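Biologist: Could you take me through one part of this model at close range? I'd like a connected tour of the ligand site and whatever surrounds it.

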Amino acid sequence: MPATIIMGGQWGDEGKGKLTDALAADAHLVVRANGGSNAGHTIETDAGVFKMHLVPSGILNPDCTCVIGSGVVVALDTLLEEMDGLAARGVCLDRLRISERAHVVLPYHPILDRLEETQRADDEIGTTLRGNGPAYADKVARKGIRIADLLDPASLRRKLSRQIELKNQTLTKVYGEPPLDLDVIYERLINQGNRLQEYVVPAEVLVQDALDDGREVLVECAQGAMLDVDYGTYPYVTSSSPTAAGACQGAGIAPTQVRRVVAVYKAYSTRVGSGPMPTELCDEVGQTIRERGREYGTTTGRPRRTGWFDAVAARHIARLNGVTDIALTLLDVLDAFAEIQVCTAYHLNGGTIDYLPARDDLLVHVTPVLTGQPGWLSPTTTARGRADLPDEALAYVSFLERLIGAPITLVGVGPSRQQLVPLHPEAVPAQAS
Ligand code: GDP
Ligand code: IMO
Ligand code: MG
């Protein structure tokens, strides 16, 4: 059975974790494709709130194997802490697998992330400071250390000593920081490798075998496609490709093996960190959205920037990723508004455009062309079927579908597992928890 990709359609935090958990009820395998501990994926069940950073969001489903794919950069401390936390809450980790090809976030990566951000001064990206950018930079520069290296002490020592020598020159000579100690880092990595050894596999073989056997495979992306290093708001992006193409690469799946690309969009926009956000609301409306949507970062706790739905950006992402269907989350947050605005085009330099300019100096100057839609001013949180949603809410959904150019098959009306409304008969219904 071909694969389904779950990706973020905006700037991250769209509710990918919740959707992955829901669709994983019928899946054999969930593969996390990209990113690292910069991600924070929330799942709310009767057992409480789970915040995943590296463990795939299918792990709460007892029949689902969860793979940390080759495209992920793994912060070992975070992963082990997360695994311990899940085990302490009774979640069985026998079904967790880690790709031997995944790269390791090393202790110098978060340090360099912080130093590089400081050096950017007013142009800072607002990274999560988890070391993701420097880890991906080393991967592409062929200076990375992979999970497989942790299991080969001699090779690890050789590769690590070369890297620490180089990084210590940068730390001391460029930044005036103290050097790092090879032995301390090496010992720690060996210990962490020993703990993780039993989970390490050739992940792409596992994934391809599952597809050959006709099993349902889900690919879970981190971040959102507007943070893509190629087609996002560069340079205010992450360092991997949270796209359908990136999902294939990171999970070890061919494009021809993908049946479905589900993009998760919020019913409005949010963004954490710096960079252009054409529909941002720095007023009371934005604050109301923030409070109603509990828009504070899952990983860093930072308040998220909020704004109206940006259909120009949404369509850009839907087209580039061949989005087959959409899950529209946090619709309930809009229950309180008599009128809801949607950005249908941008004003720029006295004209109107319907695409995203590549130049960030232009993108910061675009202002949204807004179209008002009637609100519904009634709670949607108890809706479980299409018939339970107010007409105005369904009209809003249809309006967005037409603008984005893909069908909205699921709607989120609250954080819990049950608060997912299938709009089309083929959409996978929310599971009972
Ligand atoms: P992810 O990174 O895409 O997995 O999303 P996050 O977990 O970082 O952020 C989404 C937030 O919205 C979390 O706090 C979820 O519990 C919450 N959430 C998800 N879907 C809904 C929804 O439909 N309504 C509401 N009110 N909250 C939701
Ligand atoms: P999930 O998977 C929202 C943002 C950071 C920053 C930029 C670069 O939970 O949706 P990085 O640390 O990746 O170098 O930071 O990307 N960012 C996210 N924003 N959700 C995420 O993940 C994010 N991961 C990175 O805030 O602006
Ligand atoms: Mg998140």
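Modeller: Happy to, with the reminder that this is a predicted model. Let's start at ligand 2, which has 20 residues around it, the closest being Lys-16, His-41, Thr-128, Gln-223 and Thr-238. Some of the polar pairings are easy to pick out. His-41 puts a polar side-chain atom 2.7 Å from an oxygen atom of ligand 2. Gly-40 does its part through the backbone, with an N or O atom 2.9 Å from an oxygen of the ligand. Gly-126 also uses a polar backbone atom, at 3.4 Å from a ligand oxygen. As for cover, ligand 2 on its own would expose 550 Å², and the protein buries 97% of that.

Stay with Gly-40 for a moment, since it also turns up at the metal. The magnesium ion, ligand 3, has Asp-13 (OD) and Gly-40 (O) as its protein donors, at 2.0 to 2.2 Å. Those two come from distant parts of the chain, 27 residues apart: Asp-13 sits in the loop between strand 1 (3–8) and helix 1 (16–23), while Gly-40 belongs to the loop between strand 2 (29–32) and strand 3 (41–45). Their surroundings can be put in numbers too. Asp-13 has 22% relative accessibility, so it falls in the partly exposed class. Gly-40 counts as buried because its figure is 9%.

The loop between strand 2 and strand 3 also holds Asn-34. Here the relative accessibility is 3%, so Asn-34 is buried. Its side chain makes a polar contact of 3.1 Å with the side chain of Gln-223, and there is another of 3.1 Å between the side chains of Asn-34 and Ser-240. You'll remember Gln-223 from the list of closest residues to ligand 2. Setting aside neighbours within four places in sequence, the contacts of Asn-34 include Gly-71, Val-72, Tyr-136 and Cys-221, as well as Pro-242.

Now go back along the chain to strand 1, on the other side of the Asp-13 loop from helix 1. Six of the six residues in strand 1 are buried. That goes for both faces: Ala-3, Ile-5 and Met-7 are covered on one side, and Thr-4, Ile-6 and Gly-8 on the other. In the sheet, strand 1 pairs in the parallel sense with strand 11 (residues 258–266) over six bridges. It also runs parallel to strand 10 (residues 217–220), joined by four bridges. Ile-6 is a handy residue to click on, as its bridge partner in strand 11 is Val-262, and in strand 10 it stands opposite Glu-220.

What packs against strand 1? Helix 11 does: its buried residues pack against strand 1, strand 11, strand 14 (309–310), strand 16 (339–348) and helix 13 (391–404). Helix 11 (residues 311–320) has seven of its ten residues buried, so the rest of the structure largely encloses it. Those buried residues are Ala-311, Val-312, Ala-313, Ala-314, His-316, Ile-317 and Ala-318. Both ends deserve a glance. At the N-terminal end, Asp-310 acts as the cap, placing a side-chain oxygen 3.1 Å from the backbone nitrogen of Val-312. Just past the helix, Gly-322 adopts a positive phi of about 55°.

How values were computed
Residues numbered from 1 in each chain as written. Chains lettered and ligands numbered in written order. Predicted model: local features only at pLDDT ≥ 70, side-chain atom pairs only at ≥ 80, totals over all residues. Heavy atoms only, no water. Donors = N, O, S within 2.8 Å, 3.2 Å for Na, K, Ca; no water. Buried < 20%, exposed > 50% of the residue type's maximum accessible area, 1.4 Å probe, protein only. Pairing = 2+ DSSP bridges. Near = heavy atom within 4 Å. Polar contact = N/O pair within 3.5 Å; in protein donor to acceptor, adjacent residues only side chain to side chain. Areas by Shrake-Rupley, 256 points an atom, 1.4 Å probe, with all protein chains shown as cover. Contact = heavy atoms within 4.5 Å.
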